[in-house]
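Open the model in your viewer and keep the sequence beside it. The stops below say what to select and what is there.

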Amino acid sequence: MKYGYARVSSSGQDLTIQVEALTNAGCETIRQEKVSGTSVQGRDELNTLLEFLRDGDELVVTRVDRLARSIRDLQNIVYDLDKRGVTLSATEQPIDTQNKCGKMFLGYVGGLWGV
């Protein structure tokens with residue numbers, strides 16, 4: 001099953017574009033929050049979703065910076081998802097951990113952050 005995650009940094013920002021993209025990508029459930037992405041701490045919707053995902057599920061975001069703002073957090077999330085048989089994809093980036101090219105691009109994007 002596909003699950004979406006949409007995030008903006010502040011309450012004054014709008015999630016509509018992300019939610020529409022995730023819906024168009026086939027996500028039946030979309031968790032949303034308006035909170036800084038500098039850490040996974042305090043991101044209740046993300047943490048609820050990460051706990052809920054099971055083997056065979058797919059987590060979809062519009063861009064990986066919606067999921068994590070540091071390479072360490074991103075690596076930890078992807079590692080945990082992979083261990084549980086959950087894949088990650090992005091609607092606006094060629095990231096899809098179901099295939100080698102998608103994994104390579106994810107590594108490339110993470111390398112650009114240099115964090």
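Start by selecting Asp-65, which is buried at a relative accessible area of 15%; buried means under 20% relative accessible area, exposed over 50%, and partly exposed in between, with a 1.4 Å probe and protein chains only. The model is predicted, so local features need pLDDT of at least 70 and side-chain atom pairs count only at pLDDT 80 or more, while totals for chains, interfaces and linings use all residues. Residues are numbered from 1 along each chain as its sequence is written, and side-chain values use heavy atoms, with hydrogens and water left out.

**Salt bridges around Asp-65**

Add Arg-63, which forms a salt bridge with Asp-65, the closest N and O atoms being 3.2 Å apart. A salt bridge here is a side-chain nitrogen of Lys or Arg within 4 Å of a carboxyl oxygen of Asp or Glu. Then add Arg-69, which also forms a salt bridge with Asp-65, with the closest N and O atoms 3.2 Å apart. Arg-63 counts as partly exposed at 28% relative accessibility, and Arg-69 counts as partly exposed at 44%. Extend the selection to Arg-66 and Glu-92: Arg-63, Asp-65, Arg-66, Arg-69 and Glu-92 are linked in a network of salt bridges. The structure holds six salt bridges.

**The sheet**

Now show the strands. Helices (H or I, at least four residues) and strands (E, at least two) are DSSP runs, numbered from the N terminus. Four strands form an open sheet in the order β2-β1-β3-β4, with parallel pairing; two strands pair if DSSP finds at least two bridges between them. At the edges stand β2 (29-34) and β4, each with a single partner strand, so one side of each has no neighbour in the sheet. From one strand to the next the twist averages 25°; axes are lines fitted to C-alpha atoms, for helices over the stretch in contact, and angles run from 0 to 180 degrees between N-to-C directions.

Go through the pairs in order. Strands β1 and β2 are joined by six bridges, and Arg-7 has Glu-33 as its bridge partner in β2. Three bridges connect β1 (residues 2-8) with β3, where Gly-4 stands opposite Val-60. Between β3 and β4 (residues 87-90) there are four bridges; Ser-89 in β4 is the bridge partner of Val-60, and Leu-88 in β4 stands opposite Leu-59.

**Strands β3 and β4**

Select residues 58-61, strand β3: Glu-58 and Val-60 point one way, Leu-59 and Val-61 the other, and all are buried. In β4, Thr-87 and Ser-89 on one side and Leu-88 and Ala-90 on the other are all buried.

Which side chain of opposite charge is nearest to Glu-58? It is Lys-2, 4.2 Å away, and the buried Glu-58 has no salt bridge; Lys and Arg count as positive and Asp and Glu as negative, while His and the chain ends are not counted. The side chain of Glu-58 does make a polar contact with the side chain of Ser-89 at 2.5 Å. A polar contact is a pair of N or O atoms within 3.5 Å; within protein, one must be able to donate a hydrogen and the other to accept it, and residues adjacent in sequence count only if both atoms are side-chain atoms.

**Helix α2**

Finish with residues 44-52, helix α2, which lies across β1, β2 and β3 and runs at about 150° to β2. Select Glu-45 and Arg-31, whose side chains meet in a salt bridge (2.5 Å, N to O). Glu-45 lies in helix α2 and Arg-31 in strand β2, so the pair ties together parts that are 14 residues apart in sequence.

Technical notes
Contact = heavy atoms within 4.5 Å.
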